[in-house]
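Colleague: I've got a model open here and I'd like to talk it through with you. Mind if I throw some questions at you?

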Amino acid sequence: MENSTPITRKQLAWIERVPGQYWALAILLLLMPLFAGDFVLFQIFGWTFILGMIALSLMFLAGYGGMVSLVQMSVAGMAGYMLAIFGDSAVSQVSQGWPWFLAIPMALAIACLFATAVGWLAVRTEGIYTIMITLAIAAAFFYFTRQNYDIFNGFSGFNSVVPPSLFGVNWRDPVAFYYLTLFWATVSFLAVLYLSRAPFGLALQGVRDNPRRMAALGYNVTAHRVAAYAFSGLLAGVGGILLTWQSTQISPGTVGIGAAIDILVIAVMGGLRHPIGAFVGAFVFVLLKTFARDFLLIVGLGGERFQLLIGLGFLAIVYFSPDGILGLWAKLRDWQKRDPLFEQKERNL
Amino acid sequence: MRVFARNHPIWTAIIAFVALVFIWLIFALWPPFLVELIGRKKVFLSALLNGITLGGLYFLVASGFTLIFGLMRNVNLAHGSLYLLGGYVGFFAAEWTGYWLLAFPVAFVVVGCLGVLMQLYVFRKLEGQDLRQTLVTIGISIVLADLMLWVFGGDFYNIAAPSWLSGPMETFFATGTKRSTGELIYLKYPLVRTVIFVAAVVLGVAMWLVLNRTRIGMLVRAGVDDREMLSATGARIQIVFLGVFAFGAGLAGIAGVVGGTFQSVAPGEDIRFLLASLVVVIVGGMGSIPGAALGALIIGVAEQFGSVYFPTYAVVLTFLIMVVVLAFRPQGLMGEG
Amino acid sequence: MNALTSSDIPAQTVSENALELTGMTKKFGALAALTDINIAVQPGERRAILGSNGAGKTTLFNCITGDFQPTTGTIKLFGEDVTNFPPQERIRRGLRRTYQISLLFGGLSVFDNIYLACRGVSRGRFSFRRPKVNDALMASAEELVRVVHLEDVRDTIVAELSYGQQRQLEIAMAFSGAPRFILFDEPAAGLSPTERSDLVSILTGLPSHMGFIIIEHDMDVALRVAQSVTMMHNGRIFKEGSPEEIENDPEVQALYLGDDHE
């Protein structure tokens, strides 16, 4: 993990500390609606920000905490489901019809609690079991939502789940939705970045690197891990609510095993070392998913072989660049630093 | 077991009591009030036997999984894909040769070879990086699943049991009395399921014997305890790893043939049996063959009883058991902790 | 040296021992790793525990810290019976320990490692807020970096440090949060001669109220920093005395002939 800046908050200098690339990116993103069409804003970027947030919750647990959790999509789905159940949807026999300012906090709270409970179940064993346990719980949640009709409306799930028209804005309008998801993606990104250098985040990294030492220093290792799950639950929950609004529906398919593994693929593909990796991975994934059919047809394979493409791509990344795209980028930068002209000059001296 | 009884007298008493109740339920003729309460004894016995034989199948899949994990600390999430491949391969082997029994060695060899390839060209390169290996198995499972879908399509393949194994057999469990003569009626149960279950038990016992009574088994167990120590003794640990992975994979392949005979081979079964393996080893304890057996039995029986008596919540029962074990004994019922 | 002291060290009565082990035994199944250990260390006393491999020294440390539960016997820390306390409770009462194999946070910087160590016994471990510029804990962490001579590598990631530097950091971790008693487990292992004398100067320069027990194979280091020596053999206490007495004792020499000249 990169660690060149000191922990303290220096009031004036922080603006100077933000690298130029971030400013360029921020301006580009803010002005995007000027030159991008509705499809790009709503589908490509909206989905990127949403999947990025959910993948960010995984990155937080895996990159800073050393815990690879496959339950993040389930937590997101739980938030979406609870929103549909406590708020409004077309399934009036289940939905409670609470106003948004009650339904949304409730959905987030339940998602957070769910994540905490899963965390408590998963962290008291060796790290390598975490993948197994969270995968099993994700599967359980999927099967339960599919079979339970009283609460989760089984196979069909919920539809017509829409955001409230706050300030007279239709938040599913492409431009509005774009800014909404951009806002929450930025907030979660900055929150994770900030937290990583706060005592909680540092302690989490300590637990990742040497839990035995942390215990010997007086930290309650289990409590820190569970708290990390709780925070990640909040991130995934926000993503889940936005996801539900984007497609106006939620069903068991949203929280299936395939979806859970997609989040892992996104996080690993982007790179687990830095929060931006989650969004990089999400962007690449969304592009692939949108344009893969055409690409596959050009290459001569059937358009349905998307999973094969993703699987091979994932294998390639894990095999050759386990730090994901960010890792490739870092290697590229290091390689570029070796300026051939400079080396030439040195030899001549 | 005696040590367990001494250290946990209350649990031992509870388990003994439950066992006695079960034995009575199985062998005694049920009084009318019980039939009113739970249903017919035939249903109960069928569910129990189905659960036990399903447990045999789960044991076959899970033991390969736990063996690979126990020795190489590799959570092989492609294990379900290996199972499915074994099912397809076994189906075609049985179809083309006409011999059901041939399906087993063919599936074992084909899937075992795939296991050898995986170990040689993938895992050996990533030695020591447990998480990365697991991620690779996820990638492999995605690729394999799609390849199999491409080649075999989405149909359900059912491996037909041979004629000398099909049909019911008489068991010694009495379900009632003939009203006319007062003779006992015995439960009839599919022969093939019984035979496969017995085979699974034999295989399990054989594995346990090999692990605990042979030199090879000793090497494997030593490797489970301390990998570095084993390689330091000069034992050719790579060969041991290779052998164990190939065997574990082959076992999954055989399980695929069994599953194809019991139920069917189709896309989605890979995930289903991977999850079953996960739940079984979480409940039974990682790296333990007896643990896999115990876990498989519990999960198999729970699943069957669930689907018979609480159909809408069958899945919940199994996962509830898993959650309870995780909450109170995270290392599994027979795991070291 | 005020990183190592704290204004809230409780007043100690002279009669109280810093560490008192009574009748301690540790069995692993049939194997008796420790048998009938009785040790009393006074506050500020520097004790060396010597013995060959398998004598039970590290097991003894593990029992004192709470990683192992002794089969019988009691452990008292500054007069308080801590036999049934979990490790973090003993740490909060001023006990610290270093490890034979450095247990460091490889992905974090030297400063972050020490900061985490300082934070461990203080409040706000779950704090979500980044500390302010003049935070007291940050200041003591900075000073600890100086105490162990690691200022030059303050921001280096620990995984990139040399072995000797990592051992220095390992010691710094034990100095965090105003300890009252430290257990050093073979701190000199693998160090070069320069690094060893550096270690000796750090240890002898500790404030006088801070007592410690040091396990060492290097008799030279051990006898230079210790005021009293306990010799262990096969899980039992074999001899006790001052460094000179032990060094010249014929029984000790007979038992360890050749061993003490590593």
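**Chains, sheet and helices**

Modeller: Sure, and let's start with the chains: among the 2 pairs of chains that touch, the most contacts are between chains A and C. Keep in mind that this is a predicted model.

Colleague: Which helix gives the largest share of the side of chain A that touches chain C?

Modeller: The contact draws on 27 residues from chain A and 31 residues from chain C. On the chain A side, H7 (174-196), H8 (199-209) and H9 (211-216) each supply at least two residues. The largest share there, 7 residues, comes from H8(A).

Colleague: And by class, how many residues on that side of chain A are nonpolar?

Modeller: The side of chain A that touches chain C includes 8 polar and 5 charged residues. The nonpolar ones on that side number 14.

Colleague: How far apart are the nearest C-alpha atoms of chain B and chain C?

Modeller: Those two chains do not touch. Between their nearest C-alpha atoms there is a gap of 13 Å.

Colleague: Over to the sheet in chain C. Which strands are at its edges?

Modeller: Four strands make an open, antiparallel sheet, in the order E2-E1-E4-E5. Inside that order, E1 (residues 19-28) and E4 (residues 72-77) of chain C pair over 5 bridges, with C:Glu20 opposite C:Lys76. The strands that pair on one side only are E2 (31-41) and E5 (80-81) of chain C.

Colleague: At what angle does H1 of chain C run to E2(C)?

Modeller: H1 covers residues 57-65 of chain C and lies across E1, E2 and E4 of that chain. Its angle to E2(C) is about 65 degrees.

Colleague: Now H10(A): why is it largely enclosed by the rest of the structure?

Modeller: That helix covers residues 221-247 of chain A and reaches 39 Å from its first C-alpha to its last, close to the 39 Å expected. Right after H10(A) comes A:Thr248, with a positive phi near 55 degrees. H10(A) is largely enclosed because, of its 27 residues, the number buried is 20.

Colleague: Last one: is A:Ala84 buried or exposed?

Modeller: A:Ala84 is in H4 (residues 72-86) of chain A, and its contacts beyond four places in sequence include A:Phe158, A:Thr244 and A:Ile250. Its C-alpha is 9.5 Å from that of A:Thr248, although the two are 164 residues apart along the chain. The cut-off for burial is 20 or more other C-beta atoms within 10 Å. A:Ala84 has 30 such neighbours, so it counts as buried.

Conventions:
Residues numbered from 1 in each chain as written. Chains lettered and ligands numbered in written order. Predicted model: local features only at pLDDT ≥ 70, side-chain atom pairs only at ≥ 80, totals over all residues. Pairing = 2+ DSSP bridges. Contact = placed C-beta atoms within 7 Å. Axes fitted to C-alpha atoms, helices over the stretch in contact; angles between N-to-C directions. Nonpolar A, V, L, I, M, F, W, Y, C, P; charged D, E, K, R; others polar. Expected span 1.5 Å × (residues − 1). Buried ≥ 20, exposed ≤ 12 C-beta atoms within 10 Å, placed from the backbone.
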